[in-house]
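Q: Please take a close look at one part of this structure, the packing of its helices, and set it in the context of the whole chain. A connected account would be preferred to a list.

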Amino acid sequence: MQMEINSDLEAKCDAIIAQYPKKKSAAMMVMHLIQEQFGYFDDDAIKYVAGKLGVQPIEIYGMLSFYPMYSSEPRGRVHIKVCRTLSCAMAGSIKLGHEISKIINCPIGETRGIYTLEFVECLGNCAKAPNVQVNDKLFDGVPPEDAEKFVEKLKELDASGGLAPAPTWEKPAGGGDFNSPAYKG
Ligand code: FES
């Protein structure tokens, strides 16, 4: 395994699993932990999680493909997800995504330097469209004409550590955890 599972990580996985009546139910939280630690899943990581949870690797692979917060490829430190579903699209998110792409010099769906940029489906905050999720933070009401300002804000947050992921393994109950909105025009 390229991704070394050290004893600390193993202990965190075990602590998460111990909080669920069935090992399998801990799948999302264990996957969050692996995603956060390594930034993506390779085949060995999939097999490791499957082994810990007593399920077939195909089940973990299925979750990996379905949920946008998990990735099978390395991502940039700043992972920008622009919602392209109806409410956000009508509020200009498609243009916003392309503007951001030009500013950070990263094609949509790809990784360049510290950035990964992609369009995703509904982020569950339609009333405040257009929405952009960056790492685990949600930014709402970001108009396309503010793309430049938005990217500057991201740079500042990245430099100050403000985009670092929150440690999810300490919150196994899950729930809404977005720090919205850090962006205020
Ligand atoms: S349509 Fe964008 S958050 Fe729902």
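A: The account below begins with the chain as a whole, turns to the helix pairs, and ends with three individual residues.

The model is a predicted one. Its chain contains 7 helices and 5 strands, and from the N terminus on these elements follow the order α-α-α-α-β-α-α-β-β-β-β-α. Of the 185 residues in the chain, 42% are buried. Among contacts with a separation of 6 or more, 65% join residues that stand 24 or more positions apart.

Two packed helices are described by the angle between their axes and the distance between the axes. That description is applied here to three pairs, two of which involve helix 1.

Helix 1, formed by residues 7–17, packs with helix 2, formed by residues 27–38, at an angle of about 160°, and their axes are 9 Å apart. Because angles over 145 degrees count as roughly antiparallel, helix 1 is roughly antiparallel to helix 2. The crossing of helix 1 past helix 2 is right-handed. On the side of helix 1, the residues that meet helix 2 are Leu9, Lys12, Cys13, Ile16 and Ile17; helix 2 contributes Met29, Val30, Leu33, Ile34, Gln37 and Phe38. By class, the residues of this contact comprise 9 nonpolar, 1 polar and 1 charged.

Helix 1 also packs with helix 3, which spans residues 43–53; here the angle is about 40° and the axes are 11 Å apart. Helix 1 and helix 3 are therefore oblique to each other. Their crossing is right-handed. Glu10, Cys13, Asp14 and Ile17 of helix 1 make this contact with Tyr48, Lys52 and Leu53 of helix 3. The residues involved divide into 4 nonpolar, no polar and 3 charged. Cys13 and Ile17 are listed in the contact with helix 2 and also in the contact with helix 3.

The third pair lies further along the chain. The axes of helix 6 (residues 93–104) and helix 7 (residues 147–159) come within 9 Å and cross at roughly 55°. That angle makes helix 6 oblique to helix 7, and the crossing is right-handed. From helix 6, the contact involves Leu96, Glu99, Ile100, Ile103 and Ile104, and from helix 7, Ala147, Glu148, Phe150 and Val151. These residues divide into 7 nonpolar, no polar and 2 charged.

Three single residues complete the picture. Tyr40 occupies the loop between helix 2 and helix 3. Its relative accessible area is 18%, and because buried means under 20%, Tyr40 counts as buried. Tyr40 and Ser71 are 31 residues apart in sequence, and their C-alpha atoms are 4.8 Å apart in space.

Ile58, by contrast, belongs to helix 4, which covers residues 57–66. With a relative accessible area of 62%, Ile58 is exposed. From C-alpha to C-alpha, Ile58 and Lys47 are 9.0 Å apart in space, with their positions 11 residues apart in sequence.

Gln133 is part of strand 4, made up of residues 132–134. Gln133 is buried, at a relative accessible area of 11%. A polar atom of the Gln133 side chain lies 2.9 Å from the backbone oxygen of Asn135.

Methods: Residues are numbered from 1 along each chain as its sequence is written. This is a predicted model: local features need pLDDT of at least 70, side-chain atom pairs count only at pLDDT 80 or more; totals for chains, interfaces and linings use all residues. Side-chain values use heavy atoms; hydrogens and water are left out. Helices (H or I, at least four residues) and strands (E, at least two) are DSSP runs, numbered from the N terminus. Buried means under 20% relative accessible area, exposed over 50%, partly exposed in between (1.4 Å probe, protein chains only). A polar contact is a pair of N or O atoms within 3.5 Å; within protein, one must be able to donate a hydrogen and the other to accept it, and residues adjacent in sequence count only if both atoms are side-chain atoms. Axes are lines fitted to C-alpha atoms, for helices over the stretch in contact, and angles run from 0 to 180 degrees between N-to-C directions. Angles under 35 degrees count as roughly parallel, over 145 as roughly antiparallel, 65 to 115 as roughly perpendicular and the rest as oblique. A crossing is left-handed if the near helix is turned anticlockwise from the far one by less than a right angle, and right-handed if clockwise. Contact means heavy atoms within 4.5 Å. Ala, Val, Leu, Ile, Met, Phe, Trp, Tyr, Cys and Pro count as nonpolar, Asp, Glu, Lys and Arg as charged, and the others, Gly among them, as polar.
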